[in-house]
Amino acid sequence: MKRLLTWLFLVFLCLQPALAQVGSKSSQWRSSSGATITITSHDQWVSVDVVPTQGQPRRWQGRWLRKYDLFDYKATGGVTYTAQLVNNDRIDVSGANGERFTWTKLSASNPQPAAQPYPYAQAVTARWSSSSGNVFDVSSSGPQVALTAYLKNGQRLQTTGQWISSVAFRYQFPGFPEVATCTYLRDGRLQVDVPGKSTSYWTKVR
């Protein structure tokens, strides 16, 4: 009897889907949107790390709806997404807003492409006109971004910023207490966010 119970227990473990865990375990997936997804599954909850093709990486915490093949999580704008494990290599995701995605598991035979550390360095190297009325020369080299500002009042300022993700860098001009975050957008503009101030947008001049 004891041997039979042991055998049944082993069969049960073998039948658990790919997301079933002892403790926690991570797996990587490629979304039909182009984003890279890392799922870390725990006994009671799931964390979902999303690295989009453009934009900031984000982490969302989800919950099991049915262990271990169905979970949901709440993302940007409060939209809830439900993820269903179809088989060991595919997850179907549907959003409450009607969006649908398919996640395909990354493996040794389907590896994640090697990421360039600063893929938009060349794209941001240009002269930009800001919606605030100022003009900026930007030049990116390695992890650093050199900026020269030509302000409406005639001032000329220079500084060096740093890339903080594949699509965003931060900078601070001398004499200004705020640190600005500049993000390269899908439409080719730069979005500049300064704490406590309104968001501005830069358009490439040349």
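Two strands count as paired if DSSP finds at least two bridges between them. Strands here are DSSP runs (E, at least two residues), numbered from the N terminus.

Before you click: this is a predicted model, where local features need pLDDT of at least 70, side-chain atom pairs count only at pLDDT 80 or more, and totals for chains, interfaces and linings use all residues. Residues are numbered from 1 along each chain as its sequence is written, and side-chain values use heavy atoms, with hydrogens and water left out.

**Stop one: β1 and β2.** Select residues 25–31, strand β1, which pairs with β2 in the antiparallel sense over six bridges. Put W29 on screen and look across to β2: the bridge partner there is I37. The two strands make a hairpin with four residues between them, and G34 in the turn has a positive phi of about 100°.

**Stop two: β2 itself.** Now pick residues 36–41; six of the six are buried (under 20% relative accessible area, 1.4 Å probe, protein chains only). Flip the view and both faces turn out covered, with T36, T38 and T40 on one side and I37, I39 and S41 on the other.

**Stop three: on to β3.** Add residues 45–51, strand β3, which runs antiparallel to β2 with six bridges joining them. A hairpin of three residues makes the connection. Zoom in on S41, whose bridge partner in β3 is V46.

How values were computed: Buried means under 20% relative accessible area, exposed over 50%, partly exposed in between (1.4 Å probe, protein chains only).
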